[in-house]
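Here are some short exercises to help you find your way around this protein. Take a look at the structure first, then work through each task and compare your reasoning with the solution.

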Amino acid sequence: MGSYPKKPMSSYLRFSTEQLPKFKAKHPDAKLSELVRKIAALWRELPEAEKKVYEADFKAEWKAYKEAVSKYKEQLTPSQLMGMEKEARQRRLKKKALVKRRELILLGKPKRPRSAYNIYVSESFQEAKDDSAQGKLKLVNEAWKNLSPEEKQAYIQLAKDDRIRYDNEMKSWEEQMAEVGRSDLIRRSVKRSGDISEH
């Protein structure tokens, strides 16, 4: 019995995957977000006839995928099918998160803003004198707790600046996603979780 069939990529994601190596070769020093912007612009300018080729490929692959899933399930006994479906549900949850994360990276989604504590950890982790990662983190955590309010304020300000960077980049990125027909990736509302100075 072979492995479970793999879902095909969407039209735009397929186009992006094809174009990304070409754009990287042309612009080796460009950031991923800049390349994604260029690819998105190229997709917008693509004639409808060419877009339809990508859409037709996706539809054909989707049909083949559904048929492959049916054939795969036909090979299973009822108990195997029940076990597989339970396992598949758990696997889907993990894979969905991973695939989503990979897709968002490919689409150039801005990195989430860091908290004051996370900025401090990234700066101090390597300098912490301990052989294990867990030991280093413990030392850094203790050092963070012992920082004066004035010292913490510098990191709180860096976190505020990073939040502004994120909000600006997200606004621009969501505009790009709307233009390429990926409004499903746009936040319905901006929810801020807690104070950025909190650990």
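**Exercise 1. Find which residues make up each of the two domains in this predicted model.**

Solution. Start at the beginning of the chain: domain 1 takes in residues 11-107. Further along comes domain 2, at 116-185. Next, place the two in space: their C-alpha centres are 30 Å apart.

**Exercise 2. Describe how domain 1 and domain 2 touch, in residues and in buried area.**

Solution. Begin with the residues. On the side of domain 1, 10 residues make contact, and they meet nine residues of domain 2. Now turn to area: about 800 Å² is buried between domain 1 and domain 2. Carbon and sulfur atoms supply 57% of that area. Then ask which residues of domain 1 lose the most area to domain 2. They are Tyr-12, Arg-44 and Leu-107, which together account for 47% of what that side buries.

**Exercise 3. Locate the salt bridges between domain 1 and domain 2.**

Solution. There are two salt bridges to look for between the domains. One pair to inspect is Glu-103 and Arg-182, whose closest N and O atoms are 2.7 Å apart. Another pair to inspect is Glu-179 and Arg-44, a salt bridge with an N to O distance of 2.7 Å. Follow this second pair along the chain: Glu-179 sits in helix H7 (residues 149-179) and Arg-44 in helix H2, so the link joins distant parts of the chain, 135 residues apart. For the whole model, the salt bridge count is nine.

**Exercise 4. Work out which elements of domain 1 face domain 2, and what classes of residue they offer.**

Solution. First count the polar contacts: three residue pairs, both members at pLDDT 80 or more, are in polar contact between domain 1 and domain 2. Next look for elements giving two or more residues to the touching side of domain 1; these are helix H2 (32-45) and helix H4 (78-106). H2 gives the largest share, five residues. Finally, sort that side by class: six residues are nonpolar, four are charged and none is polar.

**Exercise 5. Compare the structure with its UniProt record: where is the HMG box annotated?**

Solution. The unreviewed UniProt entry places "domain: HMG box" at residues 5-73 and 110-174. That entry also puts a "DNA-binding region" at residues 5-73 and 110-174. Now examine residues 5-73 in the model: this span is 81% helix and 0% strand, and its end C-alpha atoms lie 11 Å apart.

Terms used
Residues numbered from 1 in each chain as written. Predicted model: local features only at pLDDT ≥ 70, side-chain atom pairs only at ≥ 80, totals over all residues. Heavy atoms only, no water. Domains from an automatic or database assignment. Contact = heavy atoms within 4.5 Å. Buried area = accessible area lost by both parts, 1.4 Å probe. Salt bridge = Lys/Arg side-chain N within 4 Å of Asp/Glu carboxyl O. Polar contact = N/O pair within 3.5 Å; in protein donor to acceptor, adjacent residues only side chain to side chain. Helix = DSSP H or I, 4+ residues; strand = E, 2+ residues; numbered from the N terminus. Nonpolar A, V, L, I, M, F, W, Y, C, P; charged D, E, K, R; others polar. UniProt positions renumbered as here; feature names shortened; annotations may be inferred.
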